[in-house]
Amino acid sequence: MTIKSLGNPFSEKTDLRHGAECGCEGCLAGHGHDHDHVEPHQMSSEQMMERAVESAIVRSVFGQSDIGRRSFMGMIGGATAAATLASVFPLEQAKAAILDELGPPEKTDLNIGFVPITCATPIIMAQPLGFYERYGLNAEVIKTAGWAVARDKSLSGEYDASHMLTPMPLAMTLGAGSVATPYIMPAVENINGQAIVLSNEHLDKRDPQQWKGFTFGVPFEYSMHNFLLRYYVAEFGLDPDKDIQIRVVPPPEMVANLRAGNLDGYLSPDPFNQRAVFEGIGFIHILTKEIWEGHPCCAFAAPLSFAQELPNTYGALLKSIIDATQYASNPDNRIEIAEAISPTNYLNQPVTVVQQVLTGTYADGLGEVQKVPDRIDFDPFPWHSMGVWILTQMKRWGYIEGDIDYKAVAEQVYLASDAKKVMTDLGYDAPDITYKSHTIMGKTFDPAEPEAYVDSFAIKAG
């Protein structure tokens, strides 16, 4: 169902006989539209559905007499009319009921891209473990070589939705690194789950102050890996743009580049950190959870147009992903999940390697077996404060410039309300707030003061 009639039904300026995209002479002249209406690209899918429901209810009250409705609204005002209608008609309950019963997906056959890393666990496992099918979808998950490919295939429409890094939909919406296209991120996939690995040649260089001249790999510029690596070395006095080299290397190529000596280390998603240990060529220097406990990494994202044009499909897909993410959050399910996602068409990794990552019982490459149950964890809620932190790091390192409305961008892209609704519907706990402070390497981030946070760093671009 495509919703295009988005005019405000409680405004006397709106002609409900015409849609928001109407090109008739009157509308083009500005006589038939509410000029205060919100553009479709500024609305979430839920807001669009609510506006459509309001329009239908108002139409049913006034019948075909749009002139009568507009005259009435003009006399008493839209707010009074809305309150009056709500007093005799359960408007909010009607909207809620319709939103809860959107009906079958408009499109059931979906292509969903993923990069073969353990951060993509919910998106991958939802196919072999039947989570897509549970919600009426026939989704094919498609292995993708790297993040630039995932971005481009999503922008071209080849993928309906995709596994992305949490900074990517923010960057794509702002036009950083690509053409500006409104994207939404209604669910995080994993928290924690990364590590800094060093080549065994550097067993004697455990102090980051010894890393001047090193070359590190990260999977993408707009990634938590890049921003966490930059943050980490800067806290030890190194300028990541001057004292080390940072190269973008697709995750599946990390181990080969470490073995060949092209990289001294990398901050990578798993299973490639553990794979370096498995191959005997690297060791785990630090887990990223030790840099920022509970940091986000990967997510489920899609163009805003996907949610606007296919709201039922979008809702079913979001339920599939959140349900799978919650299933993955239970440590008791991790062995089963490791076996499901290790085959060639998914991660193409030894089950042993994937199990070490998901269970948190792993060899560290230094002769010890570590037990860190939350080495990787899964929590779908997209905190707006996490989005603001990512934007501060994009500003800090020169990926975006000028004045930024951090809060507005984070709330436009990270759809916390959609996640909360689905989590609640599925019987899972969801936060009542969307902002909180975070602690990164002992320093507290206050999302209410993003510009002051950026200014507080001695080492930054420019």
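**Entry 1: strand 4 and its partner**

I began with strand 4 and looked up its pairing: in this predicted model, strand 4 and strand 11, the latter covering residues 298-303, run antiparallel to each other and are joined over 4 bridges. To place the pairing on particular residues, I followed I184 across to strand 11 and found A302 as its bridge partner. I then asked how many of the residues of strand 4 are buried. For residues 183-188 the count is 6 of the 6, so strand 4 is largely enclosed by the rest of the structure.

**Entry 2: helix 9**

I turned next to helix 9, residues 167-174, where 7 of the 8 residues are buried, so this helix too is largely enclosed by the rest of the structure. I noted the buried ones by name, and they are P167, M168, P169, L170, A171, M172 and T173. Directly after helix 9 comes G175, for which I read a positive phi of about 80°.

**Entry 3: the nonpolar core**

Which residues have the most contacts inside the largest nonpolar core? I found that this core has 129 residues, and that Y132, L317, W389 and M394 are the ones with the most contacts inside it. I took L317 as my example and set aside its neighbours within four places in sequence, after which its contacts are L110, I112, Y132, L137, A161, F300 and F306. One of these contacts, Y132, is itself on the list of residues with the most contacts inside the core.

**Entry 4: salt bridges**

The structure holds 16 salt bridges, and I looked at several of them in turn. I kept in mind that side chains of opposite charge can pair when their charged atoms come close.

I started with D323 and R134, whose side chains meet in a salt bridge at 2.8 Å, N to O. This pair links distant parts of the chain, with D323 in helix 14 (residues 311-328) and R134 in helix 7 (residues 131-134), 189 residues apart. Is D323 buried or exposed? Its relative accessibility is 7%, which is under the 20% limit, so D323 counts as buried.

I then looked at K205 and D204, whose side chains form a salt bridge at 3.6 Å, N to O. Here K205 is partly exposed, with a relative accessible area of 24%, whereas D204 is exposed at 55%.

The next pair I looked up was E451 and K395, which meet through their side chains in a salt bridge at 3.0 Å, N to O. This pair also links distant parts of the chain, since E451 lies in helix 20 (residues 450-455) and K395 in helix 17, 56 residues apart. I noted E451 as partly exposed, with a relative accessible area of 32%. Finally, I found R259, R275 and E279 joined into one network by salt bridges that share partners.

**Entry 5: D403**

I located D403 in the loop between helix 17 (384-396) and helix 18 (406-413), and its relative accessible area of 85% makes it exposed. From D403 I went back to E451, which is 48 residues away in sequence and 9.4 Å away in space, C-alpha to C-alpha.

**Entry 6: how far to trust the coordinates**

I closed by checking confidence: the mean pLDDT of the chain is 86, and 78% of its residues reach 70 or more. Over residues 1-6 the pLDDT is below 50, although the model gives this stretch 23 contacts beyond near neighbours in sequence. I found pLDDT under 50 again over residues 95-99, for which the model has 9 contacts beyond four places in sequence. I am careful with such stretches, because predicted coordinates should not be read in detail where pLDDT is low.

Notes: Residues numbered from 1 in each chain as written. Heavy atoms only, no water. Buried < 20%, exposed > 50% of the residue type's maximum accessible area, 1.4 Å probe, protein only. Helix = DSSP H or I, 4+ residues; strand = E, 2+ residues; numbered from the N terminus. Pairing = 2+ DSSP bridges. Core = buried A, V, L, I, M, F, W, Y, C linked by side-chain atoms within 4.5 Å. Contact = heavy atoms within 4.5 Å. pLDDT = per-residue confidence, 0-100. Salt bridge = Lys/Arg side-chain N within 4 Å of Asp/Glu carboxyl O.
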